[in-house]
There are 2 protein chains.
Amino acid sequence: MKILLTNDDGINAPGLYALYRQIKTLGEVAIIAPAFERSAVGHAITTVDPLRVSEVRKDGELYGLAVSGTPADCVKIAIKSLLPHRPDLVISGINQGPNTGMNVIYSGTVSAATEATMLGVLAFAISLDSFTSREFEYAAEFAGRLAQSVIEKGLPAGTLLNVNVPAVPRDKISGVRVTRQGMAKFTEEFHKRIDPRGRAYWWLGGELMDTDEEEETDSAALKDGAVSVTPIHYDMTDYKNLDVIREWKLTK
Amino acid sequence: MKILLTNDDGINAPGLYALYRQIKTLGEVAIIAPAFERSAVGHAITTVDPLRVSEVRKDGELYGLAVSGTPADCVKIAIKSLLPHRPDLVISGINQGPNTGMNVIYSGTVSAATEATMLGVLAFAISLDSFTSREFEYAAEFAGRLAQSVIEKGLPAGTLLNVNVPAVPRDKISGVRVTRQGMAKFTEEFHKRIDPRGRAYWWLGGELMDTDEEEETDSAALKDGAVSVTPIHYDMTDYKNLDVIREWKLTK
């Protein structure tokens with residue numbers, strides 16, 4: 001079993017290392033990840049600049065390849081150019097912080113898995129529901145079991161899984177729920193400040209997530225201490241409203 | 001009517017100017033767009049760096065504000081911080097090049113309109129089906145009429161329109177089709193090269209779009225010389241496969 005690991009927190013992130021230690025027991029594991037944190041880059045790819053690739057060593061051994069691009073770049077260049085064989089599975093994570101609700105659309109972690117799916121490779125993204133906790137152990141264990149299920153059962157064409165795990169030990173987890181993407185979002189504001197040279201700059205701040213969500217959503221699962229598994233896809237068509245717009249009878 | 005214009009080709013792009021000249025006849029128009037080309041950045045937002053904002057003048061008058069960020073950043077900072085009033089409508093474009101098929105997910109043009117929708121503002125994205133033609137006239141005219149329709153009829157909550165227009169004059173347009181997002185994609189490869197200092201770099205190239213698509217898709221409409229209007233949304237849940245994954249009976 002050939003598995004590619006990536007993330008958006010950067011190749012030196014502890015969540016990726018926790019995932020690696022678990023997944024390496026399952027087969028041949030390669031790590032190809034952004035050189036630096038590339039959070040909130042969504043499905044960005046790098047086209048106006050070239051990419052650089054460099055080896056990263058850990059404990060005296062080759063750990064992986066750092067790419068000067070986004071998570072989607074990493075998966076694209078890994079599958080198209082850097083890996084000697086096509087991977088059987090791509091896992092993106094373990095992200096530091098949840099990827100639920102409206103924020104899924106900003107997620108570099110999810111976009112790496114989406115890119116793999118677009119290239120026809122099985123994939124899931126996995127995130128820890130905390131921006132600070134280093135409680136990655138249970139999430140890594142769950143990733144290992146899910147990897148086996150995904151390889152064994154496959155996924156419908158064009159579908160990937162977006163997994164979010166509470167930041168608690170195994171005995172505190174209340175269960176596993178297959179959920180839909182909720183509509184929770186960050187209440188964020190720009191802070192306008194003045195730099196040391198007297199010029200204005202704006203910085204996006206405030207990351208309080210509203211979690212008043214319906215039972216079947218991703219963030220409601222986390223609130224109840226359950227692992228959330230959401231099947232997602234990259235077809236953004238709003239099928240239920242095709243006819244609404246057709247009734248407009250637009251003319252040239 | 002207060003309308004915000006943005007794009008991903010940068011504030012000085014001719015497609016944005018063509019749009020501006022048409023839309024300014026409809027009401028109060030503001031332009032807040034990336035300082036430079038930010039194509040293929042998907043729904044990236046800037047969180048690890050601050051944003052800068054500067055005035056851009058054209059023909060001696062204030063034309064708009066250039067933001068040192070992505071298209072989604074522009075819409076977010078415009079609505080949350082820079083505009084004195086909430087806009088009634090956001091239009092993103094006119095993009096140089098189509099945003100159809102799988103590539104919608106990489107599109108900065110579309111993500112700007114998506115961001116507006118997430119903030120509860122009516123929005124559409126509009127792209128010209130050519131990377132080189134400056135035939136923006138008909139696309140701008142169509143944008144003007146569509147803007148009036150959208151304001152008049154509204155859009156379902158969470159829905160935006162992704163519009164693609166053939167790069168031909170009005171009398172060559174075969175009609176307007178409400179379509180679904182197709183699965184066409186670029187056949188792209190990385191070129192590995194050696195820089196003047198002897199080090200390797202990789203650059204994504206090759207942009208031949210496969211267009212062997214079913215009738216009701218966005219790229220099939222363009223192929224037939226028709227304007228394509230696709231209702232899209234940011235809920236990525238793959239509803240039809242929720243039960244497939246539920247049958248896996250995942251346990252903690």
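Mentor: A residue is buried if 20 or more other C-beta atoms lie within 10 Å of its own. The model before us is predicted.

Trainee: Which residues of α4(B) are buried?

Mentor: An α-helix has 3.6 residues a turn, so residues three or four places apart point the same way. In α4(B), the buried residues are Tyr138(B), Ala139(B), Ala140(B), Phe142(B), Ala143(B), Leu146(B), Ala147(B) and Val150(B). They pack against β1, α1, β5, β6, β7 and β11 of chain B.

Trainee: What span does α4(B) reach from its first C-alpha to its last?

Mentor: With 17 residues, α4(B) reaches 25 Å, close to the 24 Å expected at 1.5 Å a residue. Just after this helix, Gly154(B) adopts a positive phi of about 75°.

Trainee: How should the packing of α1(B) and α4(B) be read, and at roughly what angle do their axes cross?

Mentor: The two axes come within 9 Å and cross at roughly 45°. Angles from 65 to 115 degrees count as roughly perpendicular and those under 35 as roughly parallel; α1(B) and α4(B) are therefore oblique to each other. Their crossing is right-handed. On the α1(B) side, Ala18(B), Leu19(B), Arg21(B), Gln22(B) and Ile23(B) take part, and they meet residues of α4(B) including Ala140(B), Ala143(B) and Ala147(B). By class, this contact has six nonpolar, two polar and three charged residues.

Trainee: How many residues does each chain bring to the contact between chains A and B?

Mentor: Chain B brings 63 residues and chain A brings 63 residues. Among the elements of chain B that each supply at least two residues are α4 and β11. The largest share of the chain B side, six residues, comes from β11(B).

Key. Residues numbered from 1 in each chain as written. Chains lettered and ligands numbered in written order. Predicted model: local features only at pLDDT ≥ 70, side-chain atom pairs only at ≥ 80, totals over all residues. Contact = placed C-beta atoms within 7 Å. Helix = DSSP H or I, 4+ residues; strand = E, 2+ residues; numbered from the N terminus. Axes fitted to C-alpha atoms, helices over the stretch in contact; angles between N-to-C directions. Parallel < 35°, antiparallel > 145°, perpendicular 65-115°, else oblique. Left-handed = near helix turned anticlockwise from the far one by under 90°. Nonpolar A, V, L, I, M, F, W, Y, C, P; charged D, E, K, R; others polar. Expected span 1.5 Å × (residues − 1). Buried ≥ 20, exposed ≤ 12 C-beta atoms within 10 Å, placed from the backbone.
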